[in-house]
Amino acid sequence: MEWSRSLTDLAVRGDSRDRLGLHKQQRRSARWTLGLSLGLVASIILAVGIGPVAIAPNTVLEILGHKLIGVPAEPTWGRSDMSIIWNVRAPRVLLGIAVGAGLAICGAVLQAMVRNMLADPYILGISGGASTGAAGAILFGVGAMIGDYALPFSAFLGALGASLLVFFIARSGGQITSLRLLLSGVAVGYALSAATSFIIFASDSAEGSRSVMFWLLGSLSLAQWDWLLLIVACVVAIALAGFAVFGRSLDALSAGDETALTLGVSPNQTRVVLLVAVSLTTGAVVAASGAIGFVGLVIPHLARRLVGAVHSRMLPVAALIGATFLVWADALARTIMQPRELPIGILTAIVGAPFLLILVRRMYTRDS
């Protein structure tokens, strides 16, 4: 009798410790989410004021408050400050937020889907498809009948076509496994990279080739108050909400297909749904900003270190870190070599490449 009572007491204590640990993780996640949200707001105000013409944060606040919510004010700024902040920098910062958040959450989802911590949104060849479409639009006028939206529309169609190709190749042998999806994406990515290089080589326009190379390294220079910004922001917001709903399924996939099946999650069907969502999100993001690398690789690892690997808590944190990181990367890109603009992809690679080496070294040390 005493023995059974002791076992019961131990079970109750263990359950209490589990609940206490869960509450502690939730509080930690809430603190990080709040802190990163405040940091993102501060980053917006500071980044909008940074540029060839520096504008004080209080002036930025006055202009944004006046334009967004109609705050009455006695203007201490001129028309040039208003134009710079509202027409040039504000849409650029907002696009950076959407792109950074989108790449970060897509990277986190892909790493769970293929169970590879080195995966990022470009491993499925989606970036290669967008690059091929963009190169065709810039150098040969593909989609010119659309007008100003020819470049992003062609890039999105290229990304969509690449994702469909990866899907059919991965499914040709039966179920879509992690390895099959990974290898199909790598193969399609290399093929499309070769196609993009051939398009650049076949063109006689030196200026067009330069524009393609600048776009391939990533830029937010297309940002303006138009449908493109609205579409990208909406796609990323919907994707974040949808991925959070699939949080339990992502946790199961990251533990392996057998574990997922025991938990009632169908790995094949779940990967199909997630692949479509990741492809559409990455395609929309890349179409607006070009190929900005390493964000989807680096940011999910930082988010896991802060709040753990549970995706329902990790994804919002990854989105906030990715958004803040890209806002500052863009601010540095447009000021470090004034009056010229540096492609963002160069800066993200400078940060991401050392991180990748550290990650590989840790994985090697752990395996040995």
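Buried means under 20% relative accessible area, exposed means over 50%, and partly exposed is anything in between, with a 1.4 Å probe and protein chains only. Keep that handy for the exercises below.

The model is predicted, so local features need pLDDT of at least 70 and side-chain atom pairs count only at pLDDT 80 or more, while totals for chains, interfaces and linings use all residues. Residues are numbered from 1 along each chain as its sequence is written, and side-chain values use heavy atoms, with hydrogens and water left out.

**Exercise 1. Get the overall picture**

Task: Work out how many helices and strands the chain has, and what share of its residues is buried.

Solution:
- Start with the rule: helices (H or I, at least four residues) and strands (E, at least two) are DSSP runs, numbered from the N terminus.
- Counting that way gives 14 helices and zero strands.
- Now for burial: 47% of the 368 residues count as buried.

**Exercise 2. Follow the salt bridges**

Task: Find the salt bridges of Arg92 and Arg271, and say where each partner sits.

Solution:
- A salt bridge here is a side-chain nitrogen of Lys or Arg within 4 Å of a carboxyl oxygen of Asp or Glu.
- The general idea is that side chains of opposite charge can pair when their charged atoms come close.
- The rule yields four salt bridges.
- Take Arg92 to begin with: its side chain meets that of Glu341 at 2.4 Å, N to O. This pair links distant parts of the chain, with Glu341 in the loop between α13 (311–333) and α14 (344–367) and Arg92 in helix α3 (residues 79–114), 249 residues apart.
- Check the cover: Arg92 is buried at 10% relative accessible area, while Glu341 is partly exposed at 26%.
- Then Arg271: it pairs with Asp257 at 2.7 Å, N to O. Here the link runs from Asp257 in helix α10 (residues 257–262) to Arg271 in helix α11 (residues 267–289), 14 residues apart.
- Arg271 is buried because its relative accessibility is 1%; Asp257, at 28%, is partly exposed.

**Exercise 3. Build the network**

Task: Which residues does the salt-bridge network join?

Solution:
- Add one more pair: Asp330 and Arg334 meet in a salt bridge at 3.2 Å, N to O.
- Through shared partners, salt bridges join Arg92, Asp330, Arg334 and Glu341 into one network.
- Asp330 counts as buried because its relative accessible area is 1%, and Arg334 is buried at 10%.

**Exercise 4. Look for disulfides**

Task: How many disulfides does the structure hold?

Solution:
- Look for a pair of cysteine sulfur atoms within 2.5 Å.
- The search comes up with zero disulfides.
- Cover for two of the cysteines: Cys106 is buried at 0% relative accessibility, and Cys234 is partly exposed at 36%.

**Exercise 5. Pocket and cavity**

Task: Describe the largest pocket and the largest cavity, with their linings.

Solution:
- On a 1 Å grid over the protein atoms alone, a cavity is a set of points where a 1.4 Å probe fits but cannot get out; a pocket is an open set with protein on both sides within 12 Å along at least five of seven lines; lining residues have an atom within 4 Å of a point.
- The largest pocket holds about 630 Å³ of space.
- Its lining has 24 residues, and Tyr122, Ser127, Gly128, Gly189 and Ser193 lie nearest the centre.
- Helix α6 gives the most to that lining, with nine residues.
- On the closed side, the whole structure has one cavity of 30 Å³ or more, with about 30 Å³ of space in the largest cavity.
- Among the residues lining the largest cavity are Phe294, Phe325 and Thr348. Both α12 (295–307) and α14 supply at least two of its lining residues.

**Exercise 6. Check the backbone**

Task: Where is the cis peptide bond, and which residues other than glycine have positive phi?

Solution:
- The cis bond joins Gln338 and Pro339, with omega about 5°; Pro339 is in the loop between α13 and α14.
- Arg115 has phi near 55° and is found in the loop between α3 and α4.
- Phe294, in the loop between α11 and α12, has a positive phi of about 75°. Phe294 is partly exposed at 22% relative accessible area.

Terms used
Points joined across faces, edges and corners; volume = space filled by probe spheres on them.
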